[in-house]
Amino acid sequence: MTVWYQCCTFFFQHTHTVGNFHITHSHPYQGSAEQPGHSHTATQFLTIGLLSLFAALVLTAAFAAVALPAAIRLVRRSRPYGLRQWCTTAVALRGPPVLA
């Protein structure tokens with residue numbers, strides 16, 4: 001299913017002009033990219049937008065689920081040897097003197 005989605009996204013991209021808006025999406029169709037040879041209703045455009053949002057959110061969540069644990073492991077490994085806890089105290093330095 002993922003391969004099919006990626007192929008459709010890559011090979012069948014085209015743009016519809018509705019009023020002042022250009023809506024670009026992809027799905028199998030007959031015609032050229034400039035003249036797709038079909039149209040969509042407002043409900044179909046809404047459905048296409050929601051499906052695209054859902055796909056983007058799923059891919060983002062999957063990336064975060066893989067990348068976040070790896071990033072945490074990397075940060076934990078980067079601590080100096082023997083340091084059990086990160087230093088959280090701030091050094092409070094005095095500002096420079098002002099000459100009036």
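Colleague: Let's start with P28: what is its relative accessible area, and how do I read that value?

Modeller: P28 has a relative accessible area of 41%. The partly exposed class runs between the buried cut-off of 20% and the exposed cut-off of 50%, so P28 counts as partly exposed. Keep in mind that this is a predicted model.

Colleague: Where is P28 placed, and which residues is P28 in contact with, beyond its sequence neighbours?

Modeller: P28 is in the loop between β2 and α2. Leave aside the neighbours within four places in sequence, and P28 is in contact with W4, C8 and F12. There's also a backbone distance to look at: the C-alpha atoms of P28 and Q13 are 8.4 Å apart, with their positions 15 residues apart along the chain.

Colleague: How do I put that loop into the overall layout? What pattern does the protein follow?

Modeller: Going along the sequence you get α-β-β-α, which adds up to 2 helices and 2 strands.

Colleague: And the two strands in the middle, in which sense do they pair?

Modeller: Strand β1 covers residues 13-18 and strand β2 covers residues 21-26; they pair in the antiparallel sense, over 6 bridges. For a register check, V18 sits opposite F21 in β2. The hairpin has 2 residues between the strands, and G19 there takes a positive phi near 65 degrees.

Colleague: On to the surface. Which residues make the nonpolar patch?

Modeller: L46, L50, L53 and L57 make it, and the patch comes to about 400 Å². Take L57 as the worked case: this residue lies in helix α2, residues 42-77. Exposed means over 50% relative accessible area, so L57, at 52%, counts as exposed.

Colleague: What about the protein as a whole: how much area is exposed, and what share of residues is buried?

Modeller: About 9,100 Å² is exposed, with carbon and sulfur atoms supplying 67% of that. Buried residues are 10% of the 100 in the protein. For contacts, take those with a separation of 6 or more: residues 24 or more positions apart account for 13% of them.

Colleague: Last one: which element has the lowest mean pLDDT, and which the highest?

Modeller: The general idea is that where pLDDT is low, the predicted coordinates should not be read in detail. Among the elements here, helix α1 (residues 2-11) has the lowest mean, 72, while α2 has the highest, 84. Over the protein the mean pLDDT is 76, and 76% of the residues reach 70 or more.

Conventions:
Residues are numbered from 1 along each chain as its sequence is written. This is a predicted model: local features need pLDDT of at least 70, side-chain atom pairs count only at pLDDT 80 or more; totals for chains, interfaces and linings use all residues. Side-chain values use heavy atoms; hydrogens and water are left out. Helices (H or I, at least four residues) and strands (E, at least two) are DSSP runs, numbered from the N terminus. Buried means under 20% relative accessible area, exposed over 50%, partly exposed in between (1.4 Å probe, protein chains only). Contact means heavy atoms within 4.5 Å. Accessible areas come from the Shrake-Rupley method with a 1.4 Å probe; for residues, only the protein chains shown count as cover. Patches are made of residues with over 30% relative accessible area and no salt bridge: like charges are joined within 9 Å, nonpolar side chains (Val, Leu, Ile, Met, Phe, Trp, Tyr) within 5 Å. A salt bridge is a side-chain nitrogen of Lys or Arg within 4 Å of a carboxyl oxygen of Asp or Glu. Two strands pair if DSSP finds at least two bridges between them. pLDDT is the predictor's confidence in each residue, from 0 to 100.
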